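The following account considers the spaces within a protein model and the residues that border them. It is best read with the structure in view.

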Amino acid sequence: MENNIKNKVVVITGASSGLGEAAAKHLAELGATVVLGARRFNKIEKLAKDIQEVGGKSLAISVDVTNLEQVKKMVDTAVQQFGRVDVIINNAGIMPLSPMDRINVAEWNTMIDVNIKGVLNGIAAVLPYMKEQKSGQIINTSSVAGHKIFNGSAVYSATKYAVRALTEGLRMEVKQYNIRTTIVCPGAVKTELLEHITEADIQQANKDYVGEVGISPDSFARVVAFAISQPEDVDINEIIFRPTAQE
Ligand code: NDP
């Protein structure tokens, strides 16, 4: 059976570490051409080279997802180089958790900018191409925290609930163009995500928990590959996965 991944052009944001990096490697192994977006160009450039050295197809493009022009340029470049864009994985995100009474307003704003506006920018950049192609798939990374609110996750959860809302709204509007949408909601996965928590006590508590139950980013890579690999008339709308040991 064809895997329906081979030769697809897949743009992945947040590809410089964690879930995005794992997805890029796995999808490239399965025959996709992967376009890697993130701000740390040295990391995605190295990943692109590593993929090419084992026979894969890849391109690294520096992007800040909060900047619509940069996101459009990344997608335009992907289309110029490879002729089309089949999938975007809007995966870049940050999680500076803190209780609201610590009033970290700048972090609230950055989370909204990266986790919500960054996803919207990705959608805005690919939709004209996918409508024209009459095919495509938009995969947005939400979270278990997009289904349930934890102590200290109010704003982060709000952004991840928003990702689910906008993806479901998008699904109903773009099915007429044969565009699939997929929400992926991971639980605790061991990545760099906790490094940006500025509140020392909150960071330590989360590191202790994820250190104990967290699973490998390969889990995410397998999930997105499953969603992409379905026949075009099958849309995996949402997947929640978490460590077996997680609450
Ligand atoms: P990492 O911190 O390892 O990766 C985050 C990625 O996002 C990096 O590649 C980073 O690249 C990129 N990024 C952050 N800000 C920007 C920006 N402004 N523009 C472009 N890229 C940006 O964390 P994860 O891999 O864990 O996180 C990936 C996604 O998964 C996030 O949306 C996160 O919320 C979500 N998630 C993670 C879970 C987990 O347990 N790990 C659980 C549930 C959801 P760079 O810094 O180079 O720009």
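The lining of the largest cavity comprises seven nonpolar and three polar residues, with no charged residue. The model is a predicted one, and the cavity just described is the one cavity of 30 Å³ or more that a search of the whole structure finds. The space inside this largest cavity amounts to about 30 Å³. Its walls are formed by Pro96, Leu97, Ser98, Trp108, Met111, Gly152, Ser153, Ala154, Val155 and Tyr156. Among the elements, helix 4 and helix 5 each contribute at least two residues to this lining. The greatest contribution to the lining of the largest cavity is that of helix 5, which supplies three residues.

From the cavity the account turns to the largest pocket, which holds about 1300 Å³ of space. A total of 48 residues line this pocket, and those nearest its centre are Ile94, Met95, Tyr156, Thr191 and Leu193. Two or more lining residues come from each of helix 1, helix 4 (105-133), helix 5 and helix 6 (200-213). Helix 6 provides the largest share of the lining of the largest pocket, namely five residues. By class, the lining of the largest pocket consists of 22 nonpolar, 20 polar and six charged residues. Tyr156 belongs to the lining of the largest cavity and is also among the residues nearest the centre of the largest pocket.

What occupies the largest pocket? The space taken by the ligand is this largest pocket. In the shell around the ligand, helix 1 (18-29) and helix 5 (154-174) are the elements that give two or more residues. There are 29 residues around the ligand, and the nearest of them are Ser16, Ser17, Arg39, Tyr156 and Thr191. The shell around the ligand divides into 13 nonpolar, eleven polar and five charged residues.

Which distances describe the approach of side chains to oxygen atoms of the ligand? For Arg39, an N or O atom of the side chain lies 2.7 Å from an oxygen atom of the ligand. In the case of Lys160, the distance between a polar side-chain atom and a ligand oxygen atom is 2.9 Å. The side chain of Thr191 places an N or O atom 2.6 Å from an oxygen atom of the ligand. The ligand exposes 880 Å² when taken alone, and the protein buries 95% of that area. Thr191 thus appears in two parts of this account: its side chain contributes one of the ligand distances, and Thr191 is among the residues nearest the centre of the largest pocket.

How values were computed: Residues numbered from 1 in each chain as written. Predicted model: local features only at pLDDT ≥ 70, side-chain atom pairs only at ≥ 80, totals over all residues. Heavy atoms only, no water. Near = heavy atom within 4 Å. Polar contact = N/O pair within 3.5 Å; in protein donor to acceptor, adjacent residues only side chain to side chain. Areas by Shrake-Rupley, 256 points an atom, 1.4 Å probe, with all protein chains shown as cover. 1 Å grid on protein atoms, 1.4 Å probe; cavity = no way out; pocket = protein on both sides within 12 Å on 5 of 7 lines; lining within 4 Å. Sits in = over half its atoms within 2 Å of the grid points. Helix = DSSP H or I, 4+ residues; strand = E, 2+ residues; numbered from the N terminus. Nonpolar A, V, L, I, M, F, W, Y, C, P; charged D, E, K, R; others polar. Points joined across faces, edges and corners; volume = space filled by probe spheres on them.
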